[in-house]
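Reader: I should like to understand how the descriptive terms applied to a protein model are justified. May I put some questions about the structure shown here?

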Amino acid sequence: MHMHSRAATHGSRSRNTAVRSGHNATPVLTSPAALTGNSGDDTRWRERAISAYRQSLPDVAARLRAELAARLAALTAQNITAESIYANSEEQLAVVAVDGMVFRLRRHELMIVRPCSVCGVGQFESPAIATLPELGHALTDWEPRCAHCTEADPSNWLDLES
Ligand SMILES: [Zn+2]
């Protein structure tokens, strides 16, 4: 009781609204009790959070597949089955090939993956694609270059330095 009233008094200088909200307001984080650490009866909150996260992964994978299929249906009118989509819920990633083009959904951003446009090696993610013109850009004028081909092409040096 004594600790509680001291914390409330201290907090009233900088947190008027919070303290005024009720006589049983929770002590602010600057109270000594909060800083010395609360070792509560139940210390398994980390395990519970991690367990909840792991249990959510199958749902996340299903959502990723559904989102990628929906985005592609809206954009290309292609009917993509969820089973054909690879999903990695730890990385928030879904990938599928459509007519030889690899589409990738990462954290709600859709992009295509193409190799270096000069030597054909590597995998490069396009800028995020939200519209049909943006998809068209990624398919044509977007020309990914690997580090080797960027160095070998003098016309790119100015771009790199600007
Ligand atoms: Zn290259």
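**The sheet and one of its residues**

Author: In this predicted model, five strands make up an open sheet, ordered E1-E2-E3-E4-E5, with antiparallel pairing.

Reader: What makes E1 and E5 the edges of the sheet?

Author: Strand E1 (86-88) and strand E5 (124-125) each have a single partner strand, so one side of each lacks a neighbour in the sheet.

Reader: How do you know that strand E4 and E5 pair?

Author: Strands pair if at least two bridges are found between them. Strand E4 (residues 109-114) and E5 are joined by two bridges in the antiparallel sense, so the criterion of at least two is met. Phe124 in E5 is the bridge partner of Arg114.

Reader: Why is Arg104 called partly exposed?

Author: A residue is buried with 20 or more other C-beta atoms within 10 Å, and exposed with 12 or fewer. Arg104 has 19, and is therefore partly exposed. Arg104 lies in strand E3 (residues 101-106).

Reader: What makes Leu93 a residue that Arg104 touches?

Author: Two residues are in contact if their C-beta atoms lie within 7 Å. Leu93 meets this criterion with Arg104, as do Val95, Met111, Val113 and Glu125; residues up to four places away in sequence are not counted.

Reader: Which elements does the protein contain, from the N terminus on?

Author: The elements run α-α-α-α-β-β-β-β-β-α-α-α, which comes to seven helices and five strands. Of the 162 residues, 11% count as buried.

Definitions and conventions
Residues are numbered from 1 along each chain as its sequence is written. This is a predicted model: local features need pLDDT of at least 70, side-chain atom pairs count only at pLDDT 80 or more; totals for chains, interfaces and linings use all residues. Helices (H or I, at least four residues) and strands (E, at least two) are DSSP runs, numbered from the N terminus.
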